[in-house]
Amino acid sequence: MNQEDLFKKLTAHCKEYGYVFQSSEIYDGLSAVYDYGQYGAELKNNIRKYWWDAMVLLHDEIVGIDSAIFMHPTVWKASGHVDAFNDPLIDNKDSKKRYRADVLIEEYIEKQQEKINKEVAKAARRFGDKFDEEMFRQTNKRVIDIAEKTGIIKKRFVDASENGNLEEIRQIIIDCDIADPVSGSRNWTDVRQFNLMFDTKLGSVSEDASKIYLRPETAQGIFINYMNVQKSGRMKLPFGIAQVGKAFRNEIVARQFIFRMREFEQMEMQYFVRPGEEGEWYEHWKEKRMRWHKALGFEESKYRYHDHDKLAHYAKAATDIEFLFPFGFKEVEGIHSRTDYDLSQHQKYCGRKLQYFDTELNKSYVPYIVETSIGLDRMFLAIIAASWEEEKIRKENGSEDERVVLRLPPSLAPVKLAIFPLVKKDGLPEISAKIRDDLRFDFSCQYEEKDSIGRRYRRQDAIGTPFCITVDHQTKDDDTVTIRHRDTMEQERVPVKALREIIGEKVSMKKMLQSL
Ligand code: GAP
């Protein structure tokens with residue numbers, strides 16, 4: 001199946017099985033805004049918990065807060081967002097479509113990289129065991145040409161972005177012969193800056209009302225509470241403040257389902273460190289965050305780092321953890337060494353000292369910050385994409401069948417256990433309901449009695465439920481049930497009284513957290 005079809009199927013699956021709906025669908029939808037359904041909300045809660053526990057529960061020196069979405073408007077002046085939180089946009093005069101100019105160039109660079117990789121793969125096939133990749137990359141004329149040209153474009157792009165040179169950004173698009181991905185037209189407008197913050201008014205009378213912003217990142221709520229938390233918690237450096245919450249960005253190009261939304265959720269942690277130690281902590285968090293992703297158990301080759309060439313206005317070093325989505329490797333999390341930029345800026349704008357007195361060094365200074373910032377919705381999409389599978393199976397009678405299965409990590413699955421009476425009579429529904437009532441305090445359980453057992457299994461596979469248990473007539477004699485495993489479809493007979501332990505061990509988040 002091609003990747004575009006796969007992505008369409010994932011989106012359709014999310015809707016059909018109550019994971020994600022288009023917001024305001026009955027009014028034809030609101031672009032790039034989504035609602036989470038009954039299973040989506042549970043999966044989101046579980047991902048949030050996995051992150052929160054990894055940060056707050058497992059670290060003595062990290063605490064969690066919940067700051068307001070609205071903040072004093074000066075926060076955004078100090079942070080640089082009012083002046084610099086812009087995307088360069090460009091319109092195509094023929095198709096009337098609007099694009100992010102930087103994304104068009106980044107995609108072009110990525111395509112050149114793919115061309116090189118294809119040449120390398122072709123040569124590897126041709127030369128077999130004798131293939132020396134390093135040598136090939138250094139000597140093959142076509143590869144050298146593409147790499148050199150791309151290097152020049154990359155350098156021009158980084159310089160133009162750093163200097164805010166919009167004319168040069170447009171010129172790069174022209175020089176690279178970049179066409180509108182939809183219409184193929186190369187008839188481009190000038191490049192303009194577009195601020196991504198949504199604003200609104202605080203106050204009921206319009207003359208008195210002041211303009212405030214919906215936060216475009218949760219991080220600023222942490223910076224402005226740095227002193228409150230440090231003092232009230234008597235925190236010693238290094239220490240971290242974690243937060244999960246909504247953020248809002250008026251994205252120019254909002255495509256790819258929940259990958260780029262106008263209202264989304266971030267999970268951010270700001271780690272305050274001694275100046276001079278930020279490099280070490282940056283490496284520490286880079287490595288630790290990758291471990292968190294890999295502990296989910298998906299293929300390791302689906303993750304990679306992407307170090308930034310083009311740094312945000314506050315950053316000294318930055319890397320993305322990228323995940324292989326059906327539309328390619330894309331960022332799910334950023335790790336940023338933010339220097340003392342944020343606290344120094346707030347100190348300047350609020351006129352109060354935001355320093356830390358270091359008793360070991362006997363001096364005060366503004367701490368440096370290393371940030372980890374992950375999008376909850378993007379993580380959700382990565383997990384769904386890695387879990388979804390259309391699988392051919394062989395039935396007991398030898399015929400072929402197909403099933404769609406969501407191989408979610410059991411600890412994240414919205415429903416852990418589905419309980420089915422084999423038939424809707426002979427007291428089996430009552431026994432099943434009793435088991436459900438007993439286990440619902442430990443796991444999220446679902447009781448289902450409609451349709452054949454096979455259909456009930458299929459539905460739970462599509463939801464991602466790791467275990468189904470069936471109550472049959474034998475249960476009445478010996479108090480045992482069959483437990484069916486989602487991934488292998490194997491069934492085993494176990495005593496009812498052992499269910500809590502068997503399932504509890506498999507769906508617990510503890511193992512994942514212990515491996516971090
Ligand atoms: N405080 C730093 C910061 O906000 P960012 O790279 O702009 O950094 C961090 O955002 C993460 O937030 C991204 O890695 C991504 O997962 C998520 N994110 C950003 N914009 C998003 C959007 N429009 N829709 C969904 N997730 C988004």
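What follows is a chat about the ligand shell and some salt bridges in this predicted model.

Reader: Anything to know before we start?

Author: The model is predicted, and local features need pLDDT of at least 70, side-chain atom pairs count only at pLDDT 80 or more, while totals for chains, interfaces and linings use all residues. Residues are numbered from 1 along each chain as its sequence is written, and side-chain values use heavy atoms, with hydrogens and water left out.

Reader: Cool. How many residues surround the ligand?

Author: There are 21, where being near means having a heavy atom within 4 Å of the ligand. The closest are Glu217, Glu251, Met261, Glu268 and Glu331.

Reader: What kinds of residues make up that shell, by class?

Author: Six are nonpolar, five polar and 10 charged. Here Ala, Val, Leu, Ile, Met, Phe, Trp, Tyr, Cys and Pro count as nonpolar, Asp, Glu, Lys and Arg as charged, and the others, Gly among them, as polar.

Reader: And which strand gives the largest share?

Author: That's E13, with six residues. Strands E10 (263-273), E13 (328-339) and E16 (368-375) each supply at least two; strands are DSSP runs of at least two residues, helices (H or I) of at least four, numbered from the N terminus.

Reader: What is Glu268 up to with the ligand?

Author: An N or O atom in the Glu268 side chain is 2.6 Å from a ligand nitrogen. For Glu371, the distance from a side-chain N or O atom to a ligand nitrogen is 2.8 Å. The protein covers 93% of the 550 Å² of accessible area that the ligand has on its own, going by the Shrake-Rupley method with a 1.4 Å probe.

Reader: New topic: how many salt bridges are there?

Author: The count comes to 52, each being a side-chain nitrogen of Lys or Arg within 4 Å of a carboxyl oxygen of Asp or Glu.

Reader: Got an example? Say, what does Arg98 pair with?

Author: Asp91, with the closest N and O atoms 2.8 Å apart. Asp91 is buried at 12% relative accessible area, and Arg98 is partly exposed at 40%. Buried means under 20%, exposed over 50%, and partly exposed in between (1.4 Å probe, protein chains only).

Reader: Where do Arg407 and Glu389 sit?

Author: Arg407 is in the loop between strand E18 (400-406) and strand E19 (417-421), and Glu389 is in strand E17 (residues 388-394), so their pair ties together parts 18 residues apart in sequence. Their closest N and O atoms are 2.7 Å apart. Both belong to one network of salt bridges with shared partners, which also includes Glu391 and Asp401.

Note on methods. A polar contact is a pair of N or O atoms within 3.5 Å; within protein, one must be able to donate a hydrogen and the other to accept it, and residues adjacent in sequence count only if both atoms are side-chain atoms.
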